[in-house]
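Trainee: Please take a close look with me at the aromatic side chains of this model. I should also like to know how the parts of the chain around them are arranged.

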Amino acid sequence: MPKKHASGDPPSKGEALAPLRILVAWRNDASGAEALQFAAWLARTTPICLRAAMVFTRPWPTSSLNKMGNKYQKWLKKKSAACATAIKKELLSADVPKEYWDEEFSIFLDGTSETALLTQAATSFQADLVVLGSHAGAPKGRFRAGSTADAMLHSSPLPLGLTPRSVKLSKRGVTRITCAFVDFEDASELIHSAADLASHWQVPLRIVTFAPEELNEGLEHSIDFEAELSHEWREQSLAFLDRAHDLVLSKHPQLSVTTEIGSGKGWSGAIDALKWKKGDLLYIGSTPLGPFERVFVGSTTNEILRHIRVPMLIKPAVTH
């Protein structure tokens, strides 16, 4: 098993950095190309082992395929070859070094559930990260989940890499990890994981949280109450950020660590209040809603995903 860098497990002193194993959910459109470009961007930062998977969601049952026999096998072989040719072209176009291609760099899968097939493929590949592009209808620079991404955001046991549509990426790869937390309960674990990753990649770490204002426009009686809550949250966040800063440096004294709070009107204003660079990777965690609900991403994280303009790495919450 490789080191799970996306989840923050550090290599021992003197140990070579194991390749980050990336499964790209590839489609023969802009979304697939952007997902591969995201993987290529990561390859400028750390060694990777990349495999791209194309999924054909078939409407007919398995029993019908069994009756087709050899015809189905010939069709599958033809589709797999065409898929490999297209993915090879995209990898070369994205300048992913060939030493970073898995021996089986392209796989073609067919079945009734794209989400299930991708999850199985990622598990079989021992992937550290599953990368998906944005829905083609998203505004430029923003991420919008398609049906498969939405399903995986609520079920994937593995970290997900998501990239906004037509995002501009630094030619130097990841130049800073921005770790954002949305509550205090699981923030410490998330921040330590992000700090481990930043240390491995030798990039600065920025720890942030957001304090959106005026979330309920038109409800005048709630403005004072919301302002009071926002002030309380900000005070608690400042104290927590100070502690987190010191704790990270106690483990990684050579790491460059900064902290910020984004305040502004609504989620868009709060997020845009912070300065974002082309080399930023947003590192954010998920929060299950309850013991009987396996929810990967809650409503607050969804708001952040809607408005963020940089690639994201979403770490699954550890269930207890």
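Mentor: Let us begin with F184, which counts as partly exposed because its relative accessibility is 24%, whereas buried would require a value under 20%. F181 has a relative accessibility of 2%, so F181 counts as buried. Please keep in mind that this is a predicted model.

To see how these two residues relate, we need a rule for pairing. Two rings pair if their centres lie within 6.5 Å, and by this rule the model holds nine aromatic pairs. One of them joins F38 and W41: the ring centres are 5.9 Å apart and the planes meet at 40°, so this pair is tilted. The reasoning rests on the angle, since planes under 30 degrees apart would count as stacked and those over 60 as edge-to-face. F38 and W41 both lie in helix α1 (residues 30-43), where a spacing of three residues separates them by about one helical turn. An α-helix has 3.6 residues a turn, so residues three or four places apart point the same way. Both F38 and W41 are buried. We may now return to F181 and F184, whose ring centres are 5.9 Å apart and whose planes stand at 45°, so they too make a tilted pair.

Aromatic rings may also gather in a group, and F56, Y72, W75 and F108 form one such cluster. Other rings have a charge for company. The charged end of R21 sits over the ring of F125, at 4.2 Å from its centre, and the charged end of R206 sits over the ring of W276, at 4.7 Å from its centre.

The strands and helices give these rings their setting. Ten strands form an open sheet with mixed pairing, in the order β3-β2-β1-β4-β5-β10-β9-β6-β7-β8. At the edges stand β3 (101-111) and β8 (257-265); each has a single partner strand, so one side of each has no neighbour in the sheet. From one strand to the next, the twist averages 25°. Helix α3 (residues 70-93) packs on this sheet, where it touches β2 (48-57) and β3, and its direction makes about 135° with that of β3. Helix α4 lies across β1 (20-25), β2, β3 and β4, and runs at about 155° to β2. Elsewhere in the sheet, β5 and β10 (residues 312-315) run antiparallel and are joined by three bridges; G161 has L313 of β10 as its bridge partner.

After α4 (114-125), the loop that leads to β4 (129-132) contains Q126. Q126 is not a glycine, yet it has a positive phi of about 60°. With 32% relative accessibility, Q126 counts as partly exposed.

Finally, consider helix α6 (residues 187-201). At 1.5 Å a residue, its 15 residues should span 21 Å, and its end C-alpha atoms are indeed 21 Å apart. Of these 15 residues 11 are buried, so α6 is largely enclosed by the rest of the structure. Among the buried ones are L190, I191, D196, H200 and the aromatic W201. Just after α6, Q202 takes a positive phi of about 55°.

Notes
Residues are numbered from 1 along each chain as its sequence is written. This is a predicted model: local features need pLDDT of at least 70, side-chain atom pairs count only at pLDDT 80 or more; totals for chains, interfaces and linings use all residues. Side-chain values use heavy atoms; hydrogens and water are left out. Rings of Phe, Tyr and Trp (its six-membered ring) pair if their centres lie within 6.5 Å; planes under 30 degrees apart count as stacked, over 60 as edge-to-face and the rest as tilted. Helices (H or I, at least four residues) and strands (E, at least two) are DSSP runs, numbered from the N terminus. Buried means under 20% relative accessible area, exposed over 50%, partly exposed in between (1.4 Å probe, protein chains only). A charge sits over a ring if NZ of Lys or CZ of Arg is within 6 Å of the ring centre and within 35 degrees of the ring normal. The expected span of a helix is 1.5 Å times one less than its number of residues. Two strands pair if DSSP finds at least two bridges between them. Axes are lines fitted to C-alpha atoms, for helices over the stretch in contact, and angles run from 0 to 180 degrees between N-to-C directions. Contact means heavy atoms within 4.5 Å.
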